[in-house]
Amino acid sequence: MISENSRLLYLQLLRIRTFEDRVGELFLQGGSAGTMLHLSIGEEAPAVGVAEAMEPRDSFTTHHRGHGIFLARGADPKRMLAEIAGKEAGYCRGKGGSMHIADRKLGHLGANAIVGGGIPHVVGAGLSYQLLKVPAVSVAFFGDGAMQQGNLYESMNLAALWKLPVLFVCINNQYGMGTRLDQASASLEFVKRAESFGLVGKEMSGLDVEEVKKEAMEILEMTREGKPAFMKIDCYRFHGHARKDKSPYRDQNEEAEGRKKDPLKFQADRLLEQGVSVSEMDSWHKKVADEMDEALNFALETQEPVLNSMFEDVYAPNLTHPESVGSRIDRALYSDILLGDSR
């Protein structure tokens, strides 16, 4: 018998994988804003499993590899791709790009390109939930590179001290940029580190999305009651740190073994065993591909932001807007001070 839960989780994995493929195409065509693009192919199960276990009112932050997490939380792929392309229709009017997407309406408190930079924000969100008696949890998603950052441990300490509804999720893809985990950390016992602060700790594989969701639901239930927790979910990053990184720091045998740990294929095999036909699965793939093609075309065709909007949204509302670049150049070139007696 086909499980509806299994089918829906597979579709979410497939949507993220396909979205990331389209984003990669956009980047290689020179259509994305910025010079870097970080894909999460191979890391879909932690994103989908934890996101599916969260309640709609819960909030979260992501790191610079957070497309899949936001998509799993209900983001519109059209607006996401428009944002990555630097277009006006994007979630942040094209000013955030790939690494700074945010949308508080969907609980996204912000992506952050600084390693570990978004982690303390969930402590603030958790404190507000506690003070306002809101039954919500705030979740920080980050990579294993952030396990060496001091602000993670300050955040864990405060969350445990004040018994905040906060969950820390480390998606361990084995590498911080090009540095293998065991070359960056003297101890790999990350769960013990979290437990030493008084957090509930859990370590698991990121291969089986259903198992991730099940464990996340149990941990989130405790966290919602004021028991902050930490999850370390192991997976393998299929591509290099950024889209053009050919990962010369990994040998081919390691990459081949790592790519065998494919959460999408694992879930597909489960569905085939449950009785899903190949033709039915093909129809799902076509539907998802059509959705992401439509999103990519939308991002390419929608309008560019006008130049005058450059300084909108990036300063606090009550502050005076800075002088425009053109005005400053004119003032420098034609001011009395510069021209002096020559005029």
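User: Rings of Phe, Tyr and Trp pair if their centres lie within 6.5 Å, with the six-membered ring taken for Trp. By this rule, how many aromatic pairs does the count come to?

Analyst: The model is predicted, not experimental. The ring-centre cut-off of 6.5 Å decides what pairs. By that rule, the count of aromatic pairs is six.

User: Tyr175 and Tyr249 form an aromatic pair. Is it stacked, edge-to-face or tilted?

Analyst: A pair of aromatic rings is described by the distance of the centres and the angle of the planes. For Tyr175 and Tyr249 these are 5.5 Å and 45°. Stacked needs under 30 degrees and edge-to-face needs over 60, so the rest count as tilted. The pair of Tyr175 and Tyr249 is therefore tilted.

User: How many residues apart are Tyr175 and Tyr249?

Analyst: Tyr175 belongs to strand β5, residues 175-176. Tyr249 sits in the loop between β8 (229-234) and α9 (252-259). The pair thus links distant parts of the chain, and the separation is 74 residues.

User: Does Tyr175 count as buried or exposed?

Analyst: The limit for buried is under 20% relative accessible area. Tyr175 has 4%. Its partner Tyr249, at 27%, is partly exposed. Tyr175, at 4%, counts as buried.

User: Which residue has its charged end over the ring of Tyr175?

Analyst: The charged end in question is 5.6 Å from the centre of the Tyr175 ring. The cut-off is 6 Å for NZ of Lys or CZ of Arg. The residue over Tyr175 is Arg250.

User: Which residue does Arg250 meet in a salt bridge?

Analyst: The N to O distance of this bridge is 3.0 Å. A salt bridge needs the atoms within 4 Å. Both partners are buried. Arg250 meets Glu255.

User: Ser247 is in the loop between β8 and α9. What value is its phi near?

Analyst: Most residues other than glycine have a negative phi. Ser247 is not glycine, yet its phi is positive. Ser247 is also buried, at 5% relative accessibility. Its phi is near 45°.

User: What is the phi of Arg93 near?

Analyst: Arg93 lies in the loop between α4 (77-84) and β2 (108-111). At 25% relative accessibility, Arg93 is partly exposed. It is a residue other than glycine with a positive phi, near 55°.

User: Salt bridges that share partners join Arg93 and which other residues into one network?

Analyst: The structure holds 25 salt bridges. One of them joins the side chains of Glu88 and Arg93, at 2.7 Å from N to O. Another, between Asp269 and Lys265, has its closest N and O atoms 2.9 Å apart, its partners being about one helical turn apart in α10. The network of Arg93 takes in Glu88, Lys95, Glu312 and Asp313.

User: Lys78 has its charged end over the ring of which residue?

Analyst: Lys78 lies in helix α4. Leaving aside neighbours within four places in sequence, its contacts are Glu294, Ala295 and Phe298. One is far along the chain: Lys78 and Glu294 are 216 residues apart in sequence but 7.7 Å apart in space, C-alpha to C-alpha. The ring under the charged end, with its centre 5.7 Å away, is that of Phe298.

User: Is Val137 buried or exposed?

Analyst: Val137 sits in the loop between α5 (119-132) and β3 (138-143). Its contacts beyond four places in sequence include Asp58, Tyr129, Pro165 and Leu220. Leu220 is 83 residues away in sequence and 7.5 Å away in space, C-alpha to C-alpha. With 0% relative accessible area, Val137 is buried.

User: Which residues form a nonpolar patch on the surface?

Analyst: One member, Tyr334, is in helix α12, residues 325-334. Exposed means over 50%, so Tyr334 counts as exposed at 55%. Together the patch has about 390 Å² of accessible area. The members are Val325, Ile329, Leu333 and Tyr334.

Methods:
Residues are numbered from 1 along each chain as its sequence is written. This is a predicted model: local features need pLDDT of at least 70, side-chain atom pairs count only at pLDDT 80 or more; totals for chains, interfaces and linings use all residues. Side-chain values use heavy atoms; hydrogens and water are left out. Patches are made of residues with over 30% relative accessible area and no salt bridge: like charges are joined within 9 Å, nonpolar side chains (Val, Leu, Ile, Met, Phe, Trp, Tyr) within 5 Å. Accessible areas come from the Shrake-Rupley method with a 1.4 Å probe; for residues, only the protein chains shown count as cover. Helices (H or I, at least four residues) and strands (E, at least two) are DSSP runs, numbered from the N terminus. Buried means under 20% relative accessible area, exposed over 50%, partly exposed in between (1.4 Å probe, protein chains only). A charge sits over a ring if NZ of Lys or CZ of Arg is within 6 Å of the ring centre and within 35 degrees of the ring normal. Contact means heavy atoms within 4.5 Å.
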